[in-house]
Amino acid sequence: DIQTDVIDAYTEDALRQAIAQKPDLLVFAGDYLQYSFVREFPSNVAEFNRLLHELGYDKVPSIVVEGDVEDKLEEKWQSLFEGLPAVILDPSGRTKWRDWEVIGLTRNDSMYGVTLEASTPDDFTIIIGHNPNFALQRPQADLYLAGHTHGGQVNLPWFGPLITFSDLPNDQVQGLTKLENGATLIVSRGIGMERVDAPRIRFLCPPEIVVIDILPISAVQ
């Protein structure tokens with residue numbers, strides 16, 4: 001969740017740090033520019049797209065799904081990634097990256113648990129959805145990736161996040177969870193925060209960029 005209403009030095013630095021990891025594949029799980037951008041949509045989207053090109057995002061393949069913010073903008077938000085080697089899975093769909101299958105869910109499908117199953121159980125499969133609620137359905141896949149919760153933004157000692165806007169248990173709304181069906185769920189806290197009238201604070205819940213190394217089983221035994 002980049003979820004910003006101003007393209008400032010913080011946003012630029014976070015995007016710069018992400019591309020500096022030299023990823024093979026970038027995953028964007030929704031909530032890019034906040035609602036307050038709607039009035040000046042063309043100019044602000046152009047600025048965001050320019051920044052991605054300037055930082056080198058046009059040289060790395062990416063897979064993109066929509067979040068809550070994008071759901072309000074219909075297809076207009078897709079111009080954020082214009083000119084980039086980005087596969088935008090909207091509506092929900094699937095694509096191949098190398099030998100892996102990657103499934104992307106719309107905001108509504110991820111929220112209400114409308115999922116797609118892996119085409120071939122023997123292939124490594126990733127499901128990306130903005131809202132981690134889809135993980136409750138335990139769809140057939142190896143890796144579930146989500147955002148949306150911001151890790152709660154405000155965490156209390158011995159209690160955890162106060163509000164997550166998710167149906168998952170509190171201990172699963174950020175970080176890595178090994179599920180009983182063998183899948184791994186990773187929910188990123190993202191770099192952004194709730195906007196509009198919400199307090200723009202984080203407490204015991206720092207922003208993050210998640211780097212995932214996927215290795216063959218033989219390499220970790």
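The questions and answers below introduce the cores, the sheet and some polar pairs of a predicted model.

Residues are numbered from 1 along each chain as its sequence is written, and side-chain values use heavy atoms, with hydrogens and water left out. Because the model is predicted, local features need pLDDT of at least 70 and side-chain atom pairs count only at pLDDT 80 or more, while totals for chains, interfaces and linings use all residues.

Me: Which element gives the largest share of the largest nonpolar core?
Reply: A nonpolar core is a set of buried Ala, Val, Leu, Ile, Met, Phe, Trp, Tyr and Cys residues joined through side-chain atoms within 4.5 Å, where buried means under 20% relative accessible area, exposed over 50% and partly exposed in between, with a 1.4 Å probe and protein chains only. The largest such core has 23 residues, and those touching the most other members are Leu15, Phe28, Tyr32, Tyr57, Leu80 and Phe81. Two or more residues come from each of helix H1 (9–20), strand E1 (26–28) and helix H2 (41–55), these elements being DSSP runs numbered from the N terminus, helices (H or I) of at least four residues and strands (E) of at least two. The largest share, five residues, comes from H2.

Me: How many residues are in the second, separate core?
Reply: This core is separate from the largest one, and its members include Phe134, Tyr144, Ala146 and Leu185. The number of residues in this second core is 14.

Me: Which strands are the edge strands of the open sheet of six strands?
Reply: Two strands pair if DSSP finds at least two bridges between them, and the pairing in this sheet is mixed, with the order E4-E5-E6-E7-E11-E10. Inside that order, strand E5 (residues 100–104) and strand E6 (residues 125–128) pair in the parallel sense over four bridges, and Glu101 has Thr125 in E6 as its bridge partner. The strands that each pair on one side only are strand E4 (93–97) and strand E10 (175–178).

Me: Why does the salt bridge of Arg107 with Asp68 tie together parts that are apart in sequence, and how many residues apart are they?
Reply: A salt bridge is a side-chain nitrogen of Lys or Arg within 4 Å of a carboxyl oxygen of Asp or Glu, and in this pair the closest N and O atoms are 2.8 Å apart. Arg107 is buried at 15% relative accessibility, and Asp68 is buried too, at 12%. Because Arg107 lies in helix H4 (residues 107–112) and Asp68 in helix H3 (residues 68–71), the parts tied together are separated in sequence by 39 residues.

Me: Which residues are linked with Arg50 in a network of salt bridges?
Reply: Arg50 is partly exposed, with a relative accessible area of 35%, and its closest N and O atoms to Glu54 are 2.4 Å apart. Arg50 and Glu54 both lie in helix H2, four residues apart, which is about one turn of the helix. The residues linked with Arg50 in the network are Glu47 and Glu54.

Me: Which backbone oxygen does the side chain of His148 reach?
Reply: His148 lies in the loop between strand E7 (143–146) and strand E8 (155–156), and at 8% relative accessibility His148 counts as buried. Its side chain is joined to that of Asn131 by a polar contact of 3.3 Å, a polar contact being a pair of N or O atoms within 3.5 Å in which, within protein, one must be able to donate a hydrogen and the other to accept it, residues adjacent in sequence counting only if both atoms are side-chain atoms. At 2.8 Å, the side chain of His148 reaches the backbone oxygen of Phe165.
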